Amino acid sequence: MATSVRLSPETEQRLAFLALQTGRTKAFYLREIIDRGLDDMEDYYLAADVLERIRKGQEQVHTAADVRKELGLDD
């Protein structure tokens, strides 16, 4: 999927320098940045969504003691 983004001149310069110095393409680094950044964003925003549901009482929660008991770890 082709996508376009606007980068600040400073970011474009940094990206071009990195690509030039390493012999890789700017597209390579953009894909890496997106893949790694997407992992972090999914972790953060999906966790924030669950936390909001917990605060609203829409998500079931369990205490550590209940989980240990259910798994038989308190024996």
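**View 1. A salt bridge joins Asp 74 and Arg 68 in this predicted model.** A salt bridge is defined as a side-chain nitrogen of Lys or Arg within 4 Å of a carboxyl oxygen of Asp or Glu. Between Asp 74 and Arg 68, the closest N and O atoms are 3.4 Å apart. Accessibility is classed by relative accessible area: buried means under 20%, exposed over 50%, and partly exposed in between, with a 1.4 Å probe and protein chains only. Asp 74 is partly exposed at 49%, and Arg 68 is partly exposed at 37%. By the salt-bridge rule, the count comes to five. The model is a predicted one, in which local features need pLDDT of at least 70 and side-chain atom pairs count only at pLDDT 80 or more, while totals for chains, interfaces and linings use all residues. Residues are numbered from 1 along each chain as its sequence is written, and side-chain values use heavy atoms, with hydrogens and water left out.

**View 2. Asp 49, Arg 53 and Glu 59 are linked in a network of salt bridges.** Within this network, the side chains of Arg 53 and Glu 59 meet at 2.8 Å, N to O. Arg 53 has a relative accessible area of 26% and is partly exposed. Glu 59, with 29%, is also partly exposed.

**View 3. Arg 36 and Glu 32 form a salt bridge within helix H2.** Helices (H or I, at least four residues) and strands (E, at least two) are DSSP runs, numbered from the N terminus. Helix H2 covers residues 26-55, and the two partners lie four residues apart in H2, about one turn of the helix. Their closest N and O atoms are 3.2 Å apart. Arg 36 is exposed, with a relative accessible area of 58%, whereas Glu 32 is partly exposed at 28%.

**View 4. Five acidic residues form a negative surface patch.** The members are Asp 35, Asp 39, Asp 40, Glu 42 and Asp 43. Patches are made of residues with over 30% relative accessible area and no salt bridge; like charges are joined within 9 Å, and nonpolar side chains (Val, Leu, Ile, Met, Phe, Trp, Tyr) within 5 Å. Lys and Arg count as positive and Asp and Glu as negative, with His and the chain ends not counted. The place of a charge is taken as NZ of Lys, CZ of Arg, CG of Asp or CD of Glu. Asp 43 is found in helix H2 and is exposed, at 56% relative accessibility.

**View 5. Ile 34, Leu 38, Met 41, Tyr 44 and Tyr 45 form a nonpolar patch on the surface.** Together these residues have about 580 Å² of accessible area, as given by the Shrake-Rupley method with a 1.4 Å probe, where only the protein chains shown count as cover for residues. Leu 38 lies in helix H2 and is partly exposed at 44%. Tyr 44 is likewise found in H2 and is exposed, with a relative accessible area of 56%. Tyr 44 and Arg 6 are 38 residues apart in sequence and 24 Å apart in space, C-alpha to C-alpha.

**View 6. Helices H1 and H2 are each followed by a glycine with positive phi.** The expected span of a helix is 1.5 Å times one less than its number of residues. Helix H1 (residues 9-22) has 14 residues and reaches 20 Å from first C-alpha to last, close to the expected 20 Å. Just after H1, Gly 23 takes a positive phi of about 75°. H2, with 30 residues, reaches 43 Å between its first and last C-alpha, close to the expected 44 Å. Gly 57, just after H2, takes a positive phi of about 75°.
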